[in-house]
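Colleague: Could you take a close look at one helix for me, and tell me what it does along its length and how it meets its neighbour?

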Amino acid sequence: MANGHPRAWHYPLGMLQDEARLVVQRVNNGHVTTATLLQQAVSGVLSKEGNKAFRKVIKELLEG
């Protein structure tokens with residue numbers, strides 16, 4: 001299961017709502033990260049400074 005687990009059937013409704021909100025936030029943050037990286041990749045193709053910044057971001061992501 002990508003965004004849950006089988007034991008969720010036993011959660012109280014309030015806890016289930018909290019878990020659903022967390023999943024939405026996590027998925028939305030992933031979309032923002034993807035959009036940001038795509039924008040930086042395009043910038044990296046168009047200029048040397050953009051390329052340098054893109055490589056720096058990728059390096060930081062790989063290092064954790």
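**A close look at helix H1**

Modeller: Let's start with a contact inside the helix: Arg 21 and Asp 18 form a salt bridge, and their closest N and O atoms are 2.8 Å apart. Keep in mind that this is a predicted model. The two partners lie three residues apart in helix H1, so about one helical turn separates Arg 21 from Asp 18. Asp 18 has a relative accessible area of 42%, which lies between the 20% and 50% cut-offs, so Asp 18 counts as partly exposed. If you go looking for company for this pair, a search of the whole structure finds one salt bridge.

Now follow the helix along. H1 covers residues 13–46, and Leu 46 has its place in it. How exposed is Leu 46? Its relative accessibility is 69%, and because exposed means over 50%, Leu 46 counts as exposed. Leu 46 also has nonpolar partners out there: together with Leu 38, Val 42 and Val 45 it forms a patch on the surface. The accessible area of those four residues together is about 450 Å².

Then there's the neighbour, helix H2, which spans residues 48–63. Two packed helices are described by the angle between their axes and the distance between the axes. For H1 and H2 the angle is about 140°, and the axes are 7 Å apart. That angle makes H1 oblique to H2, because roughly antiparallel is kept for angles over 145 degrees. As for the hand, H1 and H2 cross in a left-handed way.

Terms used:
Residues are numbered from 1 along each chain as its sequence is written. This is a predicted model: local features need pLDDT of at least 70, side-chain atom pairs count only at pLDDT 80 or more; totals for chains, interfaces and linings use all residues. Side-chain values use heavy atoms; hydrogens and water are left out. Patches are made of residues with over 30% relative accessible area and no salt bridge: like charges are joined within 9 Å, nonpolar side chains (Val, Leu, Ile, Met, Phe, Trp, Tyr) within 5 Å. Accessible areas come from the Shrake-Rupley method with a 1.4 Å probe; for residues, only the protein chains shown count as cover. A salt bridge is a side-chain nitrogen of Lys or Arg within 4 Å of a carboxyl oxygen of Asp or Glu. Helices (H or I, at least four residues) and strands (E, at least two) are DSSP runs, numbered from the N terminus. Buried means under 20% relative accessible area, exposed over 50%, partly exposed in between (1.4 Å probe, protein chains only). Axes are lines fitted to C-alpha atoms, for helices over the stretch in contact, and angles run from 0 to 180 degrees between N-to-C directions. Angles under 35 degrees count as roughly parallel, over 145 as roughly antiparallel, 65 to 115 as roughly perpendicular and the rest as oblique. A crossing is left-handed if the near helix is turned anticlockwise from the far one by less than a right angle, and right-handed if clockwise.
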